[in-house]
Amino acid sequence: MTTMTTRCPHCKAMNRLPIERVEESATCGACKEKLIDGKPVEGTTDNFLSLIQSETPVVVDFWAPWCNPCVGFAPIFEDVAAEKEGVARFVKIDTEAQQALAAQYRIRSIPTIMVFKNGQMIDQLNGALPKGQFSEWLDGTLSN
């Protein structure tokens, strides 16, 4: 059985999750909250490919802690993640900590938002948007 390790977005505990359970509603072993849905998950080189192979669309925010637009966009991304629970999954990738992923996906400006389905990128957005515009863009992307 192949596994991935992911950090709980609620209590920050590390959890080992069988890849086969990514499509299910897996819960944290420590706090029993949902691991993958409802809040953005921390993307790493260890779990990212497993996360984006989903039939459920995956919205990825490539960001950095020193980037003011990224920090300002974070609450918007989290709000939309809660609103789209069950429709899409949300992943945040810190480009400082995950430089290999940033290079692999050719991130040149941040924030960069990418949407994946079945491992394929279906759309990309560069720059932070207000919540209404981001939600509208995402709705259009998810409806295609």
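User: Which residues are exposed on the other side of H4?
Analyst: In this predicted model, the residues exposed on that side of H4 are Gly-132, Glu-136 and Ser-143.

User: And which residues of H4 are buried?
Analyst: Those are Phe-134, Ser-135, Trp-137, Leu-138 and Thr-141. Looking down the axis of H4, these buried residues fall within an arc of 160 degrees, so they line one face of the helix.

User: Why would residues three or four places apart point the same way?
Analyst: An α-helix has 3.6 residues a turn, so residues at that spacing point the same way.

User: What do the buried residues of H4 pack against?
Analyst: They pack against helix H2 (68–83) and against four strands, namely E4 (58–63), E5 (89–94), E6 (112–117) and E7 (120–126).

User: Switching topic, how many residues are in the largest nonpolar core?
Analyst: That core has 22 residues, and those with the most contacts inside it include Phe-48, Val-60, Phe-62 and Tyr-105. The elements that give two or more residues to this core are helix H1 (48–52), helix H3 (99–104) and the strands E4, E5 and E6.

User: What is Phe-62 in contact with, leaving aside its neighbours within four places in sequence?
Analyst: Its contacts include Ile-93, Leu-101, Tyr-105, Pro-111 and Met-114. Apart from the core just described lies another one, of 14 residues, among them Val-59, Ile-76, Val-115 and Leu-125.

User: And the whole chain, how many helices and strands?
Analyst: The protein chain has four helices and seven strands. Its radius of gyration is 14 Å, close to the 15 Å that the globule rule gives for 144 residues, so the chain is as compact as a globular protein of that length.

Definitions and conventions:
Residues numbered from 1 in each chain as written. Predicted model: local features only at pLDDT ≥ 70, side-chain atom pairs only at ≥ 80, totals over all residues. Heavy atoms only, no water. Buried < 20%, exposed > 50% of the residue type's maximum accessible area, 1.4 Å probe, protein only. Arc of directions from axis to C-beta. Contact = heavy atoms within 4.5 Å. Core = buried A, V, L, I, M, F, W, Y, C linked by side-chain atoms within 4.5 Å. Rg over C-alpha atoms; globule rule 2.2 N^0.38 Å.
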